[in-house]
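Work through the exercises below with the sequence and the model at hand. Each task is followed by a solution in steps.

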Amino acid sequence: MRKQLSKKATAQVLLLLLSAAFLVYGASRGEAGVVLNKAVKLCLECVGIG
């Protein structure tokens with residue numbers, strides 16, 4: 001039972017590190033601005049302004 005929990009915890013930590021790496025990679029490419037622009041446009045379309 002303890003080995004399964006250990007494997008699960010290891011997998012969770014690896015996935016957390018991988019997601020953080022992708023977050024940093026995307027931010028370094030300037031993707032945050034692209035996502036923000038798309039979110040603003042979508043929000044304005046939902047309200048009916050854009």
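**Exercise 1: Surface and overall shape**

The protein chain exposes about 4800 Å², and carbon and sulfur atoms supply 70% of that area. The model is a predicted one.

Task: compare the radius of gyration of the protein chain with that of a compact globule of 50 residues.

Solution.
- Step 1. For a compact globule of 50 residues, a radius of gyration near 10 Å would be expected.
- Step 2. The protein chain has 18 Å instead.
- Step 3. Turn to the principal axes: along them the C-alpha trace spans about 55 × 25 × 5 Å.
- Step 4. Add the burial: 2% of the 50 residues count as buried, where buried means under 20% relative accessible area.

**Exercise 2: Helix α2**

Task: list the secondary structure elements of the protein chain, then find what span is expected for α2 and what span the helix reaches.

Solution.
- Step 1. The protein chain contains two helices and zero strands.
- Step 2. Helix α2 covers residues 31–47, which is 17 residues.
- Step 3. At 1.5 Å a residue the expected span is 24 Å, and the distance from the first C-alpha of α2 to its last is 25 Å, close to that value.
- Step 4. Check the cover: among the 17 residues of α2, the count of buried ones is zero.
- Step 5. Look past the end of the helix: Gly48 follows α2, and its phi is positive, near 100 degrees.

**Exercise 3: Cysteines**

Task: explain why Cys43 and the closest cysteine are not bonded to each other.

Solution.
- Step 1. A disulfide is a covalent bond between the sulfur atoms of two cysteines.
- Step 2. The cut-off for counting such a pair is 2.5 Å between the sulfur atoms.
- Step 3. The cysteine sulfur closest to that of Cys43 belongs to Cys46 and lies 6.4 Å away, so the distance is too far for a bond.
- Step 4. Cys46 is likewise in no disulfide, and the structure as a whole holds zero disulfides.
- Step 5. Cys46 is exposed, with a relative accessible area of 65%.

**Exercise 4: The salt bridge**

Task: how many salt bridges does the structure hold, and which residue pairs with Arg29?

Solution.
- Step 1. The structure holds one salt bridge.
- Step 2. Arg29 pairs with Glu31, and their closest N and O atoms are 3.8 Å apart, where the cut-off is 4 Å.
- Step 3. Compare accessibility: Arg29 counts as exposed at 54%, whereas Glu31 is partly exposed at 30%.

Methods
Residues numbered from 1 in each chain as written. Predicted model: local features only at pLDDT ≥ 70, side-chain atom pairs only at ≥ 80, totals over all residues. Heavy atoms only, no water. Helix = DSSP H or I, 4+ residues; strand = E, 2+ residues; numbered from the N terminus. Expected span 1.5 Å × (residues − 1). Buried < 20%, exposed > 50% of the residue type's maximum accessible area, 1.4 Å probe, protein only. Rg over C-alpha atoms; globule rule 2.2 N^0.38 Å. Areas by Shrake-Rupley, 256 points an atom, 1.4 Å probe, with all protein chains shown as cover. Salt bridge = Lys/Arg side-chain N within 4 Å of Asp/Glu carboxyl O.
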